[in-house]
Amino acid sequence: MSPAGATPNGPSPANPAHAAPAHTAPPPRALPGHGETHRHVLVAIVLNKPGVLNRVASLMRARNFNIETLAVSHTDQPEVSRMTITLRGDDVAVEQAAKQLYRLIDVLKVQDVTADPIVEHEIALIKVRAHEHNRGEVLTIAEMYKARVVDLAAESLIVEATGTEAEVDALIALLRGFGIKELVRSGTVVMSRGAGSIEEAVKR
Amino acid sequence: MGTTEDGSGRSRTVTSAQREGSQAAPGVHSAPGNRGAQNQGVAAAGTAAATDAATGAGAATPRSRLNHTPGAGTARADAINAGRHEMLTDTLRKQIKSLAERGLKRPRIGADAVCEALLAQGVDVFFGFPGGVLLPLYDVLGDYPELRHILVRHEQGASHAADGYARASGRVGVCLGTSGPGATNLVTGIGNAMLDSVPMVAITGNVVSSLLGKDAFQEIDITGITLPCTKHNYLVSDPNDIPRVFAEAFHIAATGRPGPVHIDITKDALMGACTALHPETLDLPGFKPKFEGNFRQVKLAAQEIANAERPVILAGHGVLISNATEELRQFAEKAQIPVAHTLLGVSAMDETHPLSLGWVGMHGWKHVNRAIQSADLLIALGMRFDDRVTGHVPTFAPYARIIHVDIDPAEIGKNVAVEIPIVGDVKRVLTALLPLVPAVASERRAAYLKELAEWRVESEKMPWHGSGAWRNGQLSADFVVCKIGEATQHDATIVADVGQNQMWTARYAGFRRPNSHISSGGLGTMGFGLPAAMGAAMGRPDKETWAIVGDGGLQMTSQELMTLVQDHIPVRIALLDNHKLGMIRQWQELIYAGNYHSSHLLGPDWLKLAEAYGVAGFRATTPEEVEPAIAAARAVDGPALVHFVIAEEQNVFPMMPAGKGLSDLLEEQFEEPKQ
């Protein structure tokens, strides 16, 4: 980041009449991270040890990063777990979060996969108010979103939806009109497309 | 609970629980919860309520009660009861002891593994305070006479002493505290070591593992507390984990960017038999610090350095940690670049060296701050652009491009955006950089260095009270600090406390030997000075050790005076007594419009206090008395305290007000204040 490209929030003389000549006016130094805020997806490969989730969560809290979703599970290796973390921030802030995560002894690898070609999914269970008069409408909407009905009762049904966060958001918005009684989302999980593997570097 | 022969606690309690269970079984109204296991509390309560109702209705059946052990009969309940019994009776210890008394070799227990591990890591001295759950360790300590244990008077002193030991010696400092309050008292020193990247292993005891989470006596979730202020921490409840955990902890504490590692050991792990051997290799797949700088980046840095007209090196604590002071000198001399240093970088370069510029930052030298502000290239080595160094970042070093060398990738771009980052160990990066940097003839920098020298003359005379007299002839603190530096030929280890005394020490003592300056930088822990000096004296017994402390800080940890006497640790204490929390008072005067709330404080009669502890005490109240008092303290065999009664309202100048930049320094007004 060059100082010339920084936002001009440096010292501005109170009285322009006494301003220093232009050629000596120091350009303000860039603070790290003035970029736009975006949603980022981080994948952290961690050792499957007691307390590792606490370490990650505690670090994100202490460093003032706001986690949006967090999904944790075993990998193919029983001693290794995988976390998928989504958070909002500018590029520098998220890079800092990833670096801080990597400082943890139990963290093997951290990768920001936001810009990579990835398959991204989460699962949502949505309990919708539906009776015999409008059940058909709900079923049609669910079908359009490739969601399926996993439970049916006289006054309600449960829709199981999978897809990207945006797809699930869109379905929920449509179903809201019927009345959502209960909603649970798993948080995003991702995997890179193609033959490459995020876990490969830490395979032992 | 039955008390029979000392058998295994577990089998005994199982028996008694079974007995109680079988007694309860015939009772008509015994609740199902009695038989325990995983029975739902709700069901048990429901039955009990029904029973009460029946009794209330006049049924003439005897009242019954639940077994007082929740979930009685389960293995978990038995373990909890066994743990409680152990905490009260030390049964395991009696077993071990009785074996030894009968002339049998006592078994190797977890506490032995701890001592062996400390010896294997080369620990010769550690600082601690015993407590109930640590007694198994103290029970075997006598069998390891090579391990010197210093009994502190407060666990905070133990952690600061381990910190001072580590900084003075370059080795890992070790401190020890019991569960509960002992552990929480260590935390301040652990946090201090974390912020200043000091290698330390802090050991605490904890309650028997089956009682974890039961809020047992002196139980606290100490690993939860130290998690954010350690580099890593461990909870050990299996004695066979002790050798591995200690080997990992010392490795993590000392490798890469150093930091404190905390090991919490349950009492049963300390007492249980341990068969595990000390590992020769470590398996830490998530801990791989990068030592070598990226060669492409190093080449880029060399180009920048070759093209720079006004370069400045900013040396931080990392230069001292990586033992790169010699490489720094060679690099500076070859490229003819002046060296500024941060507070924790003080002593990274001999201050009498012609290229040594001085200390930068909030209370640093004005000429150094001017040099930074006019530089076209900053070469930042092992430092982290703390806010006390940069001030307002947009105005920091406005003309400079920055090369930032640090071993911690998370420090790159954290506080200041930099043009050329190099992740690596300062020593190795400088070694790689040195042959790539073209030698610069001193003539090329002559005009630049001459300008800096002129600024320096101007800056050094400004707030200097070389006569020893501040306004109205009161004793000036900068003079006292300067005389201590001179008397010790600038070779003593000087440990500062926090506040004005710390700033005066860094400015005026004059440091020539690496690691001869020790100061609490990141956390700014008042009370650090005396206990850290205690550790520093143990870490470098070949060097004289001075603690320069204020009256506020000394009153926080003065109990360690007794430790100095009991263990005959020769620390000389220079107490700069202005009857004030001096830096607080300075801010109140300059920023809070003279609203002096709670910055005036009384102190004891310091000479009487010293005498009460058995410490030799001296006093100086005028400039003439300063040198004789220092000489008298140096002549004492053992600890000594010199009480310097200094001017009450002297401030440290220059000063960069918080939120301002390095160009906005406040300076001392020479005229007398108007009445």
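A crossing of two helices is called left-handed if the near helix is turned anticlockwise from the far one by less than a right angle, and right-handed if the turn is clockwise. That term comes up in several of the views below, all taken from a predicted model.

**Figure 1. Helices α19(B) and α20(B) cross in a right-handed way.** The two helices pack at an angle of about 50°, and their axes are 9 Å apart. That angle makes α19(B) oblique to α20(B). On the α19(B) side, look for Ala477(B), Asp478(B), Val481(B), Cys482(B) and Gly485(B); they meet Gln500(B), Trp504(B), Thr505(B), Arg507(B) and Tyr508(B) of α20(B). Sorted by class, this contact has 5 nonpolar, 3 polar and 2 charged residues.

**Figure 2. A second partner for α19(B) is helix α26(B), and this crossing is right-handed too.** Here the axes come within 10 Å and cross at roughly 40°. So α19(B) is oblique to α26(B). Phe479(B), Val480(B), Lys483(B), Ile484(B) and Ala487(B) are the α19(B) residues to find in this view, and they meet Pro623(B), Val626(B), Glu627(B), Ile630(B), Ala631(B) and Arg634(B) of α26(B). The classes here come to 8 nonpolar and 3 charged residues, with no polar ones.

**Figure 3. Where does helix α19 of chain B sit, and what packs against its buried residues?** This helix covers residues 477-487, and 9 of its 11 residues are buried, so the rest of the structure largely encloses it. The buried ones are Ala477(B), Asp478(B), Phe479(B), Val480(B), Val481(B), Cys482(B), Lys483(B), Ile484(B) and Gly485(B). They pack against four strands and two helices of chain B, namely β14 (474-475), β17 (545-550), β18 (571-577) and β20 (640-645), along with α20 (500-508) and α26 (623-635). Just after the helix comes Gln489(B), with a positive phi near 55°.

**Figure 4. Helix α20(B) is mostly covered.** How many of its residues are buried? The count is 9 of 9. Reading along the helix, they are Gln500(B), Asn501(B), Gln502(B), Met503(B), Trp504(B), Thr505(B), Ala506(B), Arg507(B) and Tyr508(B). The helix is followed by Gly510(B), where phi is positive again, near 75°.

**Figure 5. Domains 3 and 4 of chain B touch each other.** Chain B is divided into domain 1 (9-89), domain 2 (105-271), domain 3 (295-456) and domain 4 (464-645). Between domains 3 and 4 of chain B, the C-alpha centres lie 30 Å apart. The contact brings 12 residues of domain 3 together with 13 residues of domain 4. On the domain 3 side, the residues split into 6 nonpolar, 4 polar and 2 charged. Stepping back to the whole chain, you'll find 26 helices and 20 strands in chain B. Of its 675 residues, 53% are buried. If you take the contacts in chain B between residues at least 6 apart in sequence, 75% of them join residues at least 24 apart.

**Figure 6. Trp587(B) sits in helix α24 of chain B.** That helix spans residues 582-590. Is Trp587(B) buried, exposed or partly exposed? It has 16 C-beta neighbours inside 10 Å, so it counts as partly exposed; a buried residue would need 20 or more, and an exposed one would have 12 or fewer. Also in this view is Met655(B), 68 residues away along the chain from Trp587(B), with 10.0 Å between the two C-alpha atoms.

**Figure 7. In chain A, two domains are in contact.** The domain assignment gives domain 1 (38-112) and domain 2 (118-190) for this chain. Their C-alpha centres are 29 Å apart. Domain 1 of chain A puts 7 residues into the contact, and domain 2 of chain A puts in 5. On the domain 1 side, β1 (38-47), β2 (67-74) and β3 (80-89) of chain A each supply at least two residues. Which of them gives the most? That's β2(A), with 3 residues. By class, the domain 1 side has 4 nonpolar and 3 polar residues, and no charged ones.

**Figure 8. Chain A meets chain B.** This view shows the contact between the chains, with 27 residues from chain A and 21 residues from chain B. The chain B side is made up of 16 nonpolar, 4 polar and 1 charged.

Technical notes:
Residues numbered from 1 in each chain as written. Chains lettered and ligands numbered in written order. Predicted model: local features only at pLDDT ≥ 70, side-chain atom pairs only at ≥ 80, totals over all residues. Nonpolar A, V, L, I, M, F, W, Y, C, P; charged D, E, K, R; others polar. Domains from an automatic or database assignment. Axes fitted to C-alpha atoms, helices over the stretch in contact; angles between N-to-C directions. Parallel < 35°, antiparallel > 145°, perpendicular 65-115°, else oblique.
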